[in-house]
Amino acid sequence: QRAVRERERQEKFAAERAKADAEQKVLNEKMAALLQPIYAALQAAKIECAMQGASIATGSHDTVIHIEREERRSGSGYHARSSYTGRYVVSVGTTYRDFPRVRYPQKKDGTFNVAKIVATVRERIDTVARKVAEQKQKAMDKAKGAGLAATLKQKLGIEENSELITGVRGYRYTISRNRSEYRESAAPADHVYM
């Protein structure tokens with residue numbers, strides 16, 4: 001009898017699991033269809049991306065696009081309940097590390113504000129590219145300043161490890177009573193700190 005009950009329980013669990021998987025598959029297909037106009041607009045804007053189920057991968061956690069069902073929450077604390085509204089929300093980004101996660105709700109006609117979503121993704125990609133270019137420029141300035149400082153030290157007969165002439169100036173400033181921060185400033189092109 002125990003074996004029969006166990007088999008019935010296993011069969012019931014398998015049937016419920018198959019039903020849930022089928023429902024999830026239908027939901028994923030519906031969400032992927034809703035993302036198609038956004039995917040087409042991203043490709044038209046020449047942004048590298050790939051459809052991955054109910055999301056669009058763009059190569060960065062700051063620009064990845066997800067779609068999810070909109071929830072309505074009622075109550076608070078232990079008695080809180082949530083239910084789905086039948087509408088969907090598209091979000092850009094997954095963390096709050098560099099950029100905030102931005103949510104775009106579905107409009108009344110069932111579409112999303114594709115232009116704003118593409119503009120957000122483009123802005124984030126451009127910001128990251130600008131930061132990378134600034135870091136490269138700082139590294140180049142630092143190297144140029146160090147080379148010029150070494151040449152001047154050699155010409156003036158100053159010992160090599162002297163800090164009298166340097167291409168980079170480091171300074172520490174106080175943020176609060178127990179905290180300070182160290183920053184470095186590279187000299188402009190063809191200049192050194194003395």
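I count a residue as buried when its relative accessible area is under 20%. The model I am reading is predicted.

**Entry: helix 2**

I looked up helix 2 with that cut-off in hand. Its buried residues are I117, V118, T120, V121, R124, T127, D141, G145, A149 and K153. I then asked what these residues pack against. I found helix 1 (2–44), strand 3 (65–74), strand 4, strand 5 (102–105) and strand 7 (179–186).

I checked the span next. Helix 2 covers residues 114–156, which is 43 residues. From first C-alpha to last it reaches 62 Å, close to the 63 Å expected at 1.5 Å a residue. After the helix comes G157, and its phi is positive, near 75°.

**Entry: helix 1**

I turned to helix 1. It has 43 residues and reaches 61 Å between its first and last C-alpha. The expected figure at 1.5 Å a residue is 63 Å, and the helix is close to it. Where does helix 1 bend? I located the bend at L35, about 35°. A proline, P37, follows within four residues.

L35 is also on my list of buried residues for helix 1. The others listed are L27, M31, A32, L34, I38, Y39 and L42. I noted what covers them: strand 1 (50–51), strand 2 (55–57), strand 3, strand 4 and helix 2 are included. K46 follows the helix with a positive phi, near 60°.

**Entry: S91**

I picked S91 in strand 4, residues 81–92. Is S91 buried or exposed? It has 0% relative accessibility, so I count S91 as buried. Its side chain makes a polar contact of 3.3 Å with the side chain of R101. I also listed what S91 touches, leaving out residues up to four places away in sequence. The list is V64, I65, H66, R101, V102 and R103.

**Entry: V168**

I moved on to V168, which sits in strand 6 (residues 168–176). Its relative accessible area is 18%. The cut-off is under 20%, so V168 counts as buried. Which residues does V168 touch, not counting those up to four places away in sequence? I found K142, E184, S185, A186 and Y193.

I also took a distance from V168 to T85. The two are 83 residues apart along the chain. Their C-alpha atoms are separated by 58 Å.

Methods: Residues numbered from 1 in each chain as written. Predicted model: local features only at pLDDT ≥ 70, side-chain atom pairs only at ≥ 80, totals over all residues. Heavy atoms only, no water. Helix = DSSP H or I, 4+ residues; strand = E, 2+ residues; numbered from the N terminus. Buried < 20%, exposed > 50% of the residue type's maximum accessible area, 1.4 Å probe, protein only. Polar contact = N/O pair within 3.5 Å; in protein donor to acceptor, adjacent residues only side chain to side chain. Contact = heavy atoms within 4.5 Å. Expected span 1.5 Å × (residues − 1). Bend = angle between axes of the 7 residues up to and from the residue.
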